[in-house]
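Reader: I would like a close look at a single part of this structure, taken slowly and with its surroundings kept in view. Please treat the strands and the space beside them as one connected subject.

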Amino acid sequence: MKYTKGKVGRVFVVKVENGDDLIFELKKLAQKESIEAGVCYIIGALKEASMVTGPKECTQPPEPVWRTFSDCREILAIGTLFRDDREPVLHLHGTTGKGDQTLTGCIRGESQIYLVAEVIILELINTGAIKEFDAEFGFKMLNFLSV
């Protein structure tokens, strides 16, 4: 285990509106406000999105199981936001549901809002936490700079 300490900085209250792309808008806000690290809490609804709902097998690097929907679903999600060497990287896990159908996983790619999503972002400062590509696992993972 590795860890670092930091402090909570600014708090953002965000309304992501009907038709907006959730991931795009949150990354754009992080870029505009120079958020280096944070945690995002999300409630609302998605019209459509793609999710990784687990690996096919427990291998490294993992082969993702993709699921998509376009039937307007409720969403409850939490995510982390850390910068890599170029831009904010959002890692967002959530549960979506409609009726008896539920999906849980990592929301990726386009994620169009249905009606509204309410987001709270807690900025984390002085953590030295970043995202770096890990060749063994095949994706960007959390790492730490010396603080």
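In β5, which residue is the bridge partner of E74?

Author: The bridge partner of E74 is G97, a residue of β5, and since the model is a predicted one, this pairing and everything that follows should be read as computed from predicted coordinates. The two strands concerned, β4 and β5, pair in the antiparallel sense over ten bridges, and they form a hairpin with four residues between them. Strand β4, which spans residues 73-83, also pairs with β2 in the antiparallel sense, over ten bridges, and there the bridge partner of A37 is F82 of β4.

These strands can next be followed into the interior. The largest nonpolar core has 26 residues, and those with the most contacts inside it are L22, I42, L92, V119 and I121. At least two residues of this core come from each of β1 (7-17), α1, β2, β4, β5 and β6, with β6 giving the most, namely six residues. As a general tendency, nonpolar side chains in soluble globular proteins are buried together.

The largest pocket holds about 740 Å³ of space. Its lining comprises 26 residues, of which H91, C106, R108, F139 and K140 are the closest to the centre of the pocket. The elements that contribute two or more residues to this lining are α1 (22-32), β2 (37-55), β5 (88-98), β6 (101-125) and β8 (139-144), and β6 again gives the most, here with five residues. Sorted by class, the lining of the largest pocket consists of 14 nonpolar, seven polar and five charged residues.

One of the residues closest to the pocket centre, C106, also deserves attention for its sulfur. The structure holds zero disulfides, and C106 is accordingly in none, the nearest cysteine sulfur being that of C40, 13 Å away. C106 counts as buried because its relative accessible area is 8%, which is under the 20% limit for that class. C58 offers a contrasting case, for this cysteine counts as exposed because its relative accessibility is 84%. The closest cysteine sulfur to that of C58 lies in C106, 16 Å away, and therefore too far for a bond, given that a disulfide requires two cysteine sulfur atoms within 2.5 Å.

Definitions and conventions:
Residues are numbered from 1 along each chain as its sequence is written. This is a predicted model: local features need pLDDT of at least 70, side-chain atom pairs count only at pLDDT 80 or more; totals for chains, interfaces and linings use all residues. Side-chain values use heavy atoms; hydrogens and water are left out. On a 1 Å grid over the protein atoms alone, a cavity is a set of points where a 1.4 Å probe fits but cannot get out, and a pocket is an open set with protein on both sides within 12 Å along at least five of seven lines; lining residues have an atom within 4 Å of a point. Grid points are joined across faces, edges and corners, and a volume is the space filled by probe spheres set on the points. Ala, Val, Leu, Ile, Met, Phe, Trp, Tyr, Cys and Pro count as nonpolar, Asp, Glu, Lys and Arg as charged, and the others, Gly among them, as polar. Buried means under 20% relative accessible area, exposed over 50%, partly exposed in between (1.4 Å probe, protein chains only). Two strands pair if DSSP finds at least two bridges between them. A nonpolar core is a set of buried Ala, Val, Leu, Ile, Met, Phe, Trp, Tyr and Cys residues joined through side-chain atoms within 4.5 Å.
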